[in-house]
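Welcome, and thanks for taking a look at this one with us. Please open the sequence and the structure side by side before reading on.

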Amino acid sequence: MQTNRYSLFSLLWEACRGNTGWKPAWRKAEPASAYDFVIVGGGGHGLATAYYLARRYGGKRIAVVEKGWIGGGNVGRNTTIVRSNYLLHGNEPFYECSMKLWEGLEQDINYNAMVSQRGVLNLFHNDAQKAAYIRRGNSMILHGADAVLLDQDAVRAKVPFLNVDDARFPIKGGLLQQRGGTVRHDAVAWGYARAADRLGVDIIENCEMTGLRIEQGRAVGIETTRGFIGARKIGLACAGNSSRVAAMAGLRLPIESHVLQAFVSEGLKPFIDCVVTFGAGHFYISQSDKGGLVFGGDIDGYNSYAQRGNMPVIEDVCEGGMALMPRIGRVRLLRHWGGIMDMSMDGSPIIDRTPVDGLYLNAGWCYGGFKATPASGLCFAHLLARDEPHPVAVAYRLDRFARGAVIDEKGMGAQPNLH
Amino acid sequence: MRLTCPFCGSRGLEEFTYRGDATVRRPSADASQEAWVDYVYLRDNPCGPHRELWYHGAGCRSWLVVTRDTRTHQILDVRNARDVMLAERMSPEGKGEGS
C-alpha cells in the first residue's frame with residue numbers, strides 16, 4: 001500500500017514500517033497529444049496556475065511543461081520573503097489576496113511549506129521616509145492588510161542588535177507587517193506540483209517550448225523538445241524567459257531580463273526572528289530555520305540571461321548589511337546565486353490575454369514574484385478559465401503602457417533596472 | 001565584468017552606469033502613438049548579443065555603445081556612442097549631419 005496523504009497518522013504509520021510506502025510527490029508524466037490547457041513554465045506561478053485551474057475552476061486535461069526540473073528556476077532562487085506592503089490600488093488588493101492564500105496554503109495543498117508569519121520590518125531613517133511609510137501603512141490598512149508603525153524605542157526592543165545610533169543613517173523607526181514573513185520556497189514548488197498532480201495535471205519536466213503553432217490567428221499548440229503538444233488555451237508563465245517565449249508568437253514585451261543575486265551565510269544559532277529591510281540602502285535579511293542568514297539587495301542592473309552576477313552588487317549588498325547590523329561582519333558566506341528577473345517597464349506584473357487568440361501571458365514580476373505565487377496562480381487560472389481578469393488583477397493589463405495607466409510603485413518611469 | 005573604455009582602457013563595472021537598449025531610436029515628434037509606445041516601452045530583450053548604452057560616470061564621462069552577450073556577459077565590442085551616432089547619420093539611410 002502506498003501513502004498518499006501527509007498527516008500525523010501517515011507519518012507514524014510509515015515510521016512503523018520503515019518508510020517504505022511513500023510514493024513520489026508527482027508522476028513523471030509523458031506529454032499527451034493535446035490538452036485543454038497548457039501552462040508553459042513549471043515554476044511557482046505555473047504550478048500554482050495549474051493547481052487552481054484544476055481545483056477552483058474545474059479545469060480538466062491540464063499540462064505544465066518545464067524546460068528544466070521543478071524547483072530549478074526562480075522559485076528555488078529567491079529570499080523566501082512574503083508580504084503585502086504595497087501602496088497603490090492596482091497592487092495592494094492583489095498582494096493581500098496572495099497573503100491570505102499563503103495563510104491557508106498548507107492545509108489547502110496538504111504540504112508543509114513552512115509558512116512562517118514572523119513579521120516584515122521596513123526601517124526608516126529620516127522624516128521623509130517616515131511620512132512615506134505612514135502613507136503606505138494607511139494604504140495597507142485601508143486595503144484590509146495589517147501595518148504597525150514602530151518608533152525608535154520599539155525597533156530597539158524588537159531587534160536589539162541593529163545599528164540604531166549610526167551617525168550617518170540613524171534608525172528612526174520602522175513599518176511592521178506582522179503577517180508577513182517567510183515561506184520555504186522550494187517546498188512551495190513541490191507542494192503545488194504534488195497537489196496539482198493529484199488533481200490529474202500532467203507535469204512534464206525536461207520539455208522546452210521551441211515554437212508556437214498559430215492557425216488562422218489562433219494559437220493551437222506548442223512545439224517542444226518532446227514533440228508537438230496541442231492546446232485549446234496556452235498560458236505563458238516563463239519569468240525571465242518571457243520575452244524569448246513571447247517572441248515565438250511575434251510579440252515584443254515591455255520587459256527586460258535582469259539578474260538578481262541572493263546570498264546565504266553559514267548556519268548560526270537563531271538570532272534574527274523577523275525579516276528586516278534597510279531603508280538607507282537596498283538590503284533585506286532573514287534567518288532560515290537551518291540557521292543561515294538569507295539576504296539580498298539590488299539587481300545587477302544590466303540585461304542578463306546568465307544566472308550569475310558580478311562583484312560590485314555583492315559588495316554593495318554586504319556594505320548595506322554592515323551598515324545595518326555590524327555584528328554579521330565576521331559571518332562567512334556559504335553560497336550565492338543569481339536568478340533572471342522579468343523586469344517590467346513600470347515595476348508591476350502583467351496577467352492578461354495577448355493579441356494572439358488562445359495565448360495568455362503571466363509575466364513582469366520583477367524581483368517580487370515569489371510572494372505573489374498563490375495569487376498569480378489564482379488570477380491566471382481565473383483568466384484562462386473565464387477569459388476575464390480576476391477582480392484583484394484587473395489593473396495588470398498588457399495594454400496599460402499604451403493607455404498611460406502604468407502602476408509605478410516606486411515612481412521610476414520606464415527604466416526597468418530602477419524598479 | 002570589466003568594460004574596455006575606448007578612452008580609459010579596461011575598467012571595473014562599478015565605474016559605469018547602465019542605460020539600456022542602444023538600438024531604439026527616438027521617433028519624430030509627430031510620429032504615431034504606436035511608434036512612441038514602441039520606443040518608450042517595448043524591447044527585444046535578446047538572449048545573446050545585445051547592443052546597449054553605458055555611461056562611464058566615474059571615468060571620462062563618455063556614453064558608450066557596448067555589444068555584450070547576455071548569456072555569458074562576454075564583451076564583444078565597445079564604441080564611443082557619439083561615433084556610432086555620427087556613422088549612422090552619415091550612412092546612406094541616415095539623414096546626414098545636422099539634420
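Here is a short briefing on confidence, domains and one helix.

This is a predicted model, with an ipTM of 0.93 and a pTM of 0.95. Chain A is split into two parts, domain 1 and domain 2, and most of the points below concern how they meet.

**Confidence**
- For chain B, the average pLDDT is 93, and 95% of the residues reach a score of at least 70.
- As a general reminder, predicted coordinates should not be read in detail where pLDDT is low.

**Domains of chain A**
- Domain 1 of chain A is assembled from four segments, 31–83, 87–110, 185–254 and 346–418.
- Domain 2 of chain A takes in residues 120–180 and 257–343.
- Between the C-alpha centres of domain 1 and domain 2 of chain A there are 27 Å.

**Where the two domains touch**
- On the domain 1 side of chain A, 24 residues make contact with 29 residues of domain 2 of chain A.
- Three elements of chain A each supply two or more residues to that domain 1 side: β3 (81–82), α3 (92–109) and α7 (242–247).
- The largest share there belongs to α3(A), with 4 residues.
- By residue type, the domain 1 side of chain A that touches domain 2 has 11 nonpolar, 9 polar and 4 charged residues.

**Helix α1 of chain A**
- Helix α1 of chain A spans residues 8–16 and is hardly covered; of its 9 residues, the number buried is 0.
- After α1(A) comes Gly18(A), which has a positive phi near 70 degrees.

Technical notes
Residues are numbered from 1 along each chain as its sequence is written. Chains are lettered from A and ligands numbered from 1 in the order in which they are written. This is a predicted model: local features need pLDDT of at least 70, side-chain atom pairs count only at pLDDT 80 or more; totals for chains, interfaces and linings use all residues. pLDDT is the predictor's confidence in each residue, from 0 to 100. Domain bounds come from an automatic or database domain assignment. Two residues are in contact if their C-beta atoms, placed from the backbone, lie within 7 Å. Ala, Val, Leu, Ile, Met, Phe, Trp, Tyr, Cys and Pro count as nonpolar, Asp, Glu, Lys and Arg as charged, and the others, Gly among them, as polar. A residue is buried if 20 or more other C-beta atoms lie within 10 Å of its own, exposed if 12 or fewer, and partly exposed in between; C-beta atoms are placed from the backbone.
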